[in-house]
Each structure stands twice: as structure tokens, then as C-alpha cells.
Amino acid sequence: DELLSMLNQAFADEWLAYYQYWLGAKIVKGPMKDAVAAELLLHAGEELAHADMLALRIIQLGGTPPISPEEWLKVTHCGYEAPTDPFVKKILAQNIAGEQCAIDVYQRLMQIVKDADPVTYNIILTILQQEVEHEEDLQALDEDIDLLMMRN
Ligand code: FE
Ligand code: FE
Ligand code: MG
């Protein structure tokens with residue numbers, strides 16, 4: 001039951017991350033915005049794929065994913081940061097924080113399932129690898145923007 005509630009929490013996080021990335025890609029402004037928007041949109045799709053993997057596993061374990069979007073905000077661990085400032089470095093910082101939170105969540109989940117549930121472990125490991133990649137991609141873009149801004 002504790003595992004199911006953690007998986008539901010992660011599922012809510014993934015939908016909120018999906019929307020935060022998807023919207024960020026539409027509204028982002030500033031240096032390198034096209035490259036950043038393309039990466040944000042790619043990540044959005046990958047967060048949705050994570051939600052899909054989690055939903056399948058929640059159902060296999062006899063649970064039910066959050067039945068309404070209202071529940072996402074009630075059960076989320078990483079929350080939702082509205083991109084009220086469209087400046088590219090602000091959008092990147094919000095999503096980097098989101099990825100760092102997701103990495104923490106999945107590392108904790110891995111500890112819980114590591115000896116007890118190899119199927120869930122494998123799913124969590126796959127997702128965690130992508131979250132680490134997401135965080136690095138965003139950090140790299142942020143560094144490139146800093147270099148660009150220094151030279152102009
Ligand atoms: Fe994700
Ligand atoms: Fe991610
Ligand atoms: Mg990427």
C-alpha cells in the first residue's frame with residue numbers, strides 16, 4: 001500500500017512535469033529559445049511515457065491511478081511550478097528543480113523495491129536514468145546560454 005501510494009504520487013508528478021514542460025516550450029523567450037523549446041517538448045513526451053509506465057504498473061499491482069486531475073495537485077511530491085516568467089533561464093531553473101526532485105523520488109522508490117519487487121525496480125531504474133539525462137540536458141543548455149550572454 002505504501003508502494004502504491006508512492007507510485008501514485010510519482011504518477012501525479014509525471015503529469016505535472018509533462019504540462020510544465022509542454023507549456024514552457026510554448027512560452028519560452030530569450031537566447032537559444034528554439035533549442036530550449038525543442039528540448040522541453042522532447043522531455044514533455046518522455047514524462048508522459050513515464051506516466052504511462054507507472055499507470056501500467058499501478059494497475060498490475062491492483063491499484064488505480066489518480067482518477068481526476070484534481071488529485072494530481074493533492075498527491076504530488078514535486079509539485080507544479082507555473083512558468084509565470086517566460087525568460088529562458090527561469091524556465092530552465094524551474095525544470096532543473098523538478099528533475100532534481102524527481103531523481104530524489106525515484107532513488108527513494110528504488111530503495112523500497114530493490115529486494116522485494118524486481119519488475120517495479122526495473123521500471124523505476126529506467127525512469128531514473130531518463131530523469132538524470134533530463135537534468136544534465138537542461139544544465140548543459142543553461143551553461144550554453146551563460147556563455148552566449150557573456151560574449152554579447
Ligand atoms: Fe519523468
Ligand atoms: Fe524528467
Ligand atoms: Mg533530453
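A disulfide is here a pair of cysteine sulfur atoms within 2.5 Å. The structure is a predicted model, in which local features need pLDDT of at least 70 and side-chain atom pairs count only at pLDDT 80 or more, whereas totals for chains, interfaces and linings use all residues. Residues are numbered from 1 along each chain as its sequence is written, chains are lettered from A and ligands numbered from 1 in the order in which they are written, and side-chain values use heavy atoms, with hydrogens and water left out.

The structure holds 1 disulfide, formed by C78 and C101 with their sulfur atoms 2.1 Å apart. The torsion about the S-S bond of C78 and C101 is about -90 degrees, so the disulfide is left-handed. This pair links distant parts of the chain, 23 residues apart: C78 belongs to the loop between α3 (69–75) and α4 (88–113), and C101 to helix α4. Helices are DSSP runs (H or I, at least four residues), numbered from the N terminus. C78 is partly exposed at 24% relative accessibility, while C101 is buried, with a relative accessible area of 19%. Buried denotes under 20% relative accessible area, exposed over 50%, and partly exposed the range in between (1.4 Å probe, protein chains only).

Metal coordination was assigned from donors, that is, N, O and S atoms within 2.8 Å of the metal (3.2 Å for Na, K and Ca); water is not among the atoms, so sites may look incomplete. The iron ion (ligand 1) is coordinated at 1.9 to 2.4 Å by E14 (OE), E14 (OE), E47 (OE), H50 (ND1) and E131 (OE). Along the chain, the donors of the iron ion (ligand 1) follow the spacing E-x32-E-x2-H-x80-E. Distant parts of the chain are linked by E14 in helix α1 (residues 2–27) and E47 in helix α2 (residues 33–60), which are 33 residues apart. Both E14 and E47 are buried.

The iron ion (ligand 2) has as its donors E47 (OE), E99 (OE), E99 (OE), E131 (OE) and H134 (ND1), at 2.0 to 2.4 Å, and the spacing of these donors along the chain is E-x51-E-x31-E-x2-H. E47 bridges the iron ion (ligand 2) and the iron ion (ligand 1), which lie 3.8 Å apart. E131 and H134 are 3 residues apart in helix α5, and are therefore separated by about one helical turn. E131 counts as buried at 1% relative accessibility, and H134 is buried with a relative accessible area of 1%.

The magnesium ion (ligand 3) is coordinated by E39 (OE), H43 (NE2) and D137 (OD), at 2.0 to 2.3 Å. The donor residues of the magnesium ion (ligand 3) are spaced E-x3-H-x93-D in sequence. H43 lies in helix α2 and D137 in helix α5 (residues 118–151), so this pair ties together parts that are 94 residues apart in sequence. H43 is buried, with a relative accessible area of 1%, whereas D137 is partly exposed at 26%.

The geometry of helix α2 was also examined. The expected span of a helix is 1.5 Å times one less than its number of residues. For the 28 residues of α2 the expected span is 40 Å, in agreement with the 40 Å between its end C-alpha atoms. Just after α2, G62 takes a positive phi of about 90 degrees.

Nonpolar cores were defined as sets of buried Ala, Val, Leu, Ile, Met, Phe, Trp, Tyr and Cys residues joined through side-chain atoms within 4.5 Å. The largest comprises 25 residues, of which L7, A10, F11, L54, Y106, L109 and I124 touch the most other members. Helices α1, α2, α4 and α5 are the elements that give two or more residues to this core. Not counting residues up to four places away in sequence, L109 touches L3, M6, L7, A10 and I124, a contact being heavy atoms within 4.5 Å. A second, separate core of 15 residues includes Y21, A25, L40 and I91.

A search of the whole structure finds 4 aromatic pairs. Rings of Phe, Tyr and Trp (its six-membered ring) pair if their centres lie within 6.5 Å; planes under 30 degrees apart count as stacked, over 60 as edge-to-face and the rest as tilted. The ring centres of W15 and Y18 are 5.8 Å apart and the planes stand at 85 degrees, so the pair is edge-to-face. Both residues, W15 and Y18, lie in helix α1, 3 residues apart, about one turn of the helix. W15 counts as partly exposed at 26% relative accessibility. W15 and W72 form a stacked pair, 5.0 Å centre to centre with 10 degrees between the planes. W15 lies in helix α1 and W72 in helix α3, so the pair ties together parts that are 57 residues apart in sequence. W72 is buried, with a relative accessible area of 17%. Ring pairs thus link W15, Y18 and W72 into a cluster.
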